[in-house]
Amino acid sequence: MSAFEYYAKKGINEDSVNRKRKNHGQQCQSKNKKKLKKNPVKITKNEKVVENPKTPKSQALNNIYNNLKDSFKTGQKLLEWLIHPISIDDFMKNHWEKNILHVPRNSSNYFSQLFSLTELDTILRENNLQYGTNVDITSYTDNVRETHNPVGRAHPHVVWDYFNNECSVRLLNPQLFAPEIYKFMANLQEYFGSLVGCNVYLTPPFSQGFAPHYDDIEAFVVQVDGEKHWRVYKPRSAFETLPRTSSRNFHQDEIGEPILDVILRPGDFLYMPRGYIHQADTLFTETHSLHLTFSSYQQNSMFDFLQVVVNNSLNNAVKNDVSYRYGLPIGYQHFGGLCESEKPFPRTVQRQTFENQINQLLTNLKKHMDLDHAIDMFSLKNYYTNSLPPSICNDELLRTVANGTKMLPNGKTTEREINLEIAEVKFIRKNCFRLVEESMLDEETDQMINEVRLYYNLDNSKQLHSNECQFVVIPDEMGLFVKKLFNIYPSFIKVSDLCNDNEQAMQLVNDLWERGLLITSKDITTLST
């Protein structure tokens with residue numbers, strides 16, 4: 001049912017909704033104004049709702065960011081902070097890709113470090129945000145979802161005029177403008193090993209910005225400011241369970257009854273697996289709503305991975321087994337097809353022989369599967385080329401090439417030579433790098449050769465899905481040293497122990513350090529000679 005129908009069913013008629021909308025914006029509000037009855041949460045058998053958990057100071061964001069020894073564990077702690085007090089084991093067993101999770105909190109400032117209304121206004125004023133690219137203006141009234149984007153820059157005066165006329169504001173790719181959101185996303189992706197996205201949603205009082213729909217991502221909703229009424233519905237069918245693409249806008253009579261009916265308040269959290277239909281409104285909450293939706297696992301399914309596995313297996317098979325290069329039998333068009341399938345059995349001998357041949361090729365395809373290479377290729381395609389660059393804190397910058405030679409006001413540079421031979425180093429993050437062997441065409445010999453490349457996302461753009469991943473070519477004899485850096489993480493290793501007097505290895509360490517890929521255990525000024 002629509003939001004109006006919902007409140008009418010609760011005993012609040014449409015006229016009272018309209019009166020509230022009409023009176024919205026007046027300076028004086030009646031003290032006797034009827035408020036929305038706080039509805040109890042509907043709980044399914046598999047859903048847990050945790051009432052008023054105490055927020056442990058040890059889980060504060062700053063404490064998490066101050067301990068960056070292992071980037072995977074940092075990302076893990078951020079997820080723990082999101083879902084607290086639910087454990088990750090419980091979350092993965094009972095909720096991840098299975099069921100929603102709602103965590104109400106008596107902690108209105110729990111998410112305040114991530115974003116604020118003031119920051120949104122500042123972003124609009126200080127940046128050239130474009131409608132459609134960075135900002136959407138939306139509404140959902142009388143079961144009609146509309147986008148009201150003008151052309152050009154989103155000036156704050158115009159955006160807030162839309163807001164005052166009951167339109168929602170959606171900020172796309174906020175990581176480009178909001179440092180805390182970027183830092184959170186960049187560190188959380190280290191745990192998931194999958195792109196983490198984010199949208200900001202600001203909804204005025206007495207309105208709804210979006211129609212009921214489901215998404216193709218795992219959604220983590222954090223309520224920052226104001227209140228919002230959420231209704232969540234189970235997937236309508238097996239086909240719409242864990243979908244690979246988002247849905248169209250649904251009509252209210254297509255989605256059934258909600259399994260969760262709740263008001264999110266500042267500090268509250270809601271998780272929804274992809275495929276769960278949802279809609280949210282601020283009718284009768286008598287306040288605006290500001291929330292963030294973080295997302296992950298977009299097209300990161302077994303199907304997506306198997307596409308790479310099968311394609312790589314076929315490429316290997318056609319190189320090494322002539323049976324995959326044999327031509328199709330003459331007349332194969334008449335062995336099957338829609339018309340042929342309607343003919344009565346038995347099938348022809350040619351059809352049966354062809355079917356047996358295909359089955360045998362599919363069976364033999366397993367022999368050509370290289371799972372390690374498939375993992376490398378899928379990771380590179382799905383994560384490393386799409387992910388955010390790491391968020392490097394100030395303490396870390398002092399231990400990287402960023403703290404190297406500087407220009408002085410007198411036009412001279414600091415005379416600082418770094419002696420890495422006495423340093424301890426490690427990769428700057430666990431999941432920023434991928435060592436991959438690729439087949440390349442040698443233009444001089446016209447022969448295929450293997451080349452080992454170290455791909456990294458440190459130079460990626462903060463604009464998601466728009467990167468051409470950078471790499472370093474690793475000589476064959478140097479692969480052992482790079483693998484040692486992978487295996488030693490998160491510990492540091494002395495460069496002297498890593499290189500073992502190998503001048504080529506020492507040069508490789510210098511090259512990696514100068515690209516910003518390595519971090520030292522101490523401020524590099526202590527390594528100056």
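Start by selecting Asp121 and Arg125 in this predicted model. Their side chains form a salt bridge, with N and O 2.7 Å apart. Both residues belong to helix H6, which covers residues 117-126. Asp121 and Arg125 are four residues apart, about one turn of that helix.

Next, select Arg170 and Asp136. Here too the side chains meet in a salt bridge, at 2.8 Å from N to O. Arg170 sits in strand S4 (residues 168-171) and Asp136 in strand S2 (residues 135-141), so this pair ties together parts that are 34 residues apart in sequence. Are these two residues buried or exposed? Both Arg170 and Asp136 are buried.

Move on to Glu438 and Arg453. These residues form a salt bridge whose closest N and O atoms are 3.2 Å apart. Show the strands around them: Glu438 is in strand S13 (residues 433-442), while Arg453 is in strand S14 (residues 447-456). The pair links distant parts of the chain, 15 residues apart. Glu438 has a relative accessibility of 14% and therefore counts as buried, the cut-off being under 20%. Arg453, at 11%, counts as buried as well.

Now select Glu97, Glu218 and Arg274 together. Salt bridges with shared partners join Glu97, Glu218 and Arg274 into one network. To keep count while browsing: the structure holds 16 salt bridges.

Go next to helix H7, residues 156-164. Which residues of H7 are buried? Color Pro156, Val159, Trp160 and Phe163, which are buried in this helix. Turn the view to look down the axis of H7: the buried residues fall within an arc of 95°, so they line one face of the helix. Then show what covers the buried residues of H7, which includes H6, S2, S4 and strand S5 (197-203). Two stops made earlier lie in these elements: Asp121 and Arg125 are in H6, and the pair Arg170 and Asp136 is in S4 and S2.

Stay in this area and select Glu166. This residue comes just after H7 and takes a positive phi of about 65°.

The last stop is Met478. Look for this residue in the loop between strand S15 (470-474) and helix H14 (479-488). Met478 is buried, with a relative accessible area of 2%. Which residues does Met478 touch, not counting those up to four places away in sequence? Select Asn502, Gln504, Ala505 and Leu508 to show these contacts. Met478 and Asn502 are 24 residues apart in sequence, and their C-alpha atoms are 9.9 Å apart in space.

Conventions:
Residues numbered from 1 in each chain as written. Predicted model: local features only at pLDDT ≥ 70, side-chain atom pairs only at ≥ 80, totals over all residues. Heavy atoms only, no water. Salt bridge = Lys/Arg side-chain N within 4 Å of Asp/Glu carboxyl O. Buried < 20%, exposed > 50% of the residue type's maximum accessible area, 1.4 Å probe, protein only. Arc of directions from axis to C-beta. Contact = heavy atoms within 4.5 Å.
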